[in-house]
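Here are my notes on the model, set out as numbered points. Please read them alongside the coordinates.

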Amino acid sequence: MAANTIKAHEFFFQAVEGFIGDNCNVESSFPINEALTDIGECSTLQEAFAAPLRHKLFDMAAALRWVLFLKLAPALAEESGDEPFGAGAAFSADAAVGLIAEGDDLGAAAAVATYFEDDSAEEDSAEEDAAIAE
């Protein structure tokens, strides 16, 4: 196993396996195992972030938890005995959130857009219904 891969960070990768198992939205082990293989072969945390999204393992809430996990877990893995990740493996939470926002699979844009929909048509209809009922 290459020393610059995610899998080379033993404590970190074990935590990733646990996180994926606890947060994925699929029943079959095949896409989970495929995603874990992909993550293990990644050389950066940013690449690792995208793997479960490509395999459609997460809903939007889990994807956001994954951002937090990748932001916090490397330091905890280092405290547990893993070698530090190199500067080239850095994780950008901002770039990760951008990827979530751009992806149609997670419905982020639609979830936000609901707050910009015109509710006046629904209010007018409710008022008309109340007037008819009187």
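**Notes on the predicted model**

1. Of the 134 residues in the protein chain, 33% count as buried. The model is a predicted one, and the points below should be read with that in mind. The accessible surface of the chain comes to about 8,300 Å², and carbon and sulfur atoms hold 54% of that area.

2. The protein chain contains seven helices and zero strands. Read from the N terminus, the order of elements is therefore α-α-α-α-α-α-α. Among contacts in the chain with a separation of 6 or more, 68% join residues 24 or more positions apart.

3. Helix H1 covers residues 10-23, a run of 14 residues. From its first C-alpha to its last it reaches 20 Å, close to the 20 Å expected at 1.5 Å a residue. Its buried residues are Phe 12, Phe 13, Val 16, Phe 19, Ile 20 and Asn 23. Seen down the axis of H1, these buried residues fall within an arc of 120°, so they line one face of the helix.

4. What covers that face? The cover over the buried residues of H1 includes helix H2 (29-41), helix H3 (45-54) and helix H4 (60-80).

5. Gln 14 is also in helix H1, but it is not on the list of buried residues there. Its relative accessible area is 44%, and because partly exposed residues lie between the 20% and 50% cut-offs, Gln 14 counts as partly exposed. The C-alpha atom of Gln 14 is separated by 9.5 Å from that of Ala 77, although the two residues are 63 apart along the chain.

6. Lys 56 deserves a look during a backbone check. This residue is found in the loop between H3 and H4. Its phi is near 55°, a positive value in a residue other than glycine.

7. Which residues make the nonpolar surface patch of about 440 Å²? The patch is made by Val 112, Tyr 115 and Phe 116. Tyr 115 is placed in the loop between helix H6 (108-113) and helix H7 (120-133). With a relative accessibility of 71%, Tyr 115 counts as exposed, because the cut-off for that class is over 50%.

Note on methods. Residues numbered from 1 in each chain as written. Predicted model: local features only at pLDDT ≥ 70, side-chain atom pairs only at ≥ 80, totals over all residues. Heavy atoms only, no water. Helix = DSSP H or I, 4+ residues; strand = E, 2+ residues; numbered from the N terminus. Expected span 1.5 Å × (residues − 1). Buried < 20%, exposed > 50% of the residue type's maximum accessible area, 1.4 Å probe, protein only. Arc of directions from axis to C-beta. Contact = heavy atoms within 4.5 Å. Patch = residues over 30% accessible without salt bridge, like charges linked within 9 Å, V, L, I, M, F, W, Y side chains within 5 Å. Areas by Shrake-Rupley, 256 points an atom, 1.4 Å probe, with all protein chains shown as cover. Salt bridge = Lys/Arg side-chain N within 4 Å of Asp/Glu carboxyl O.
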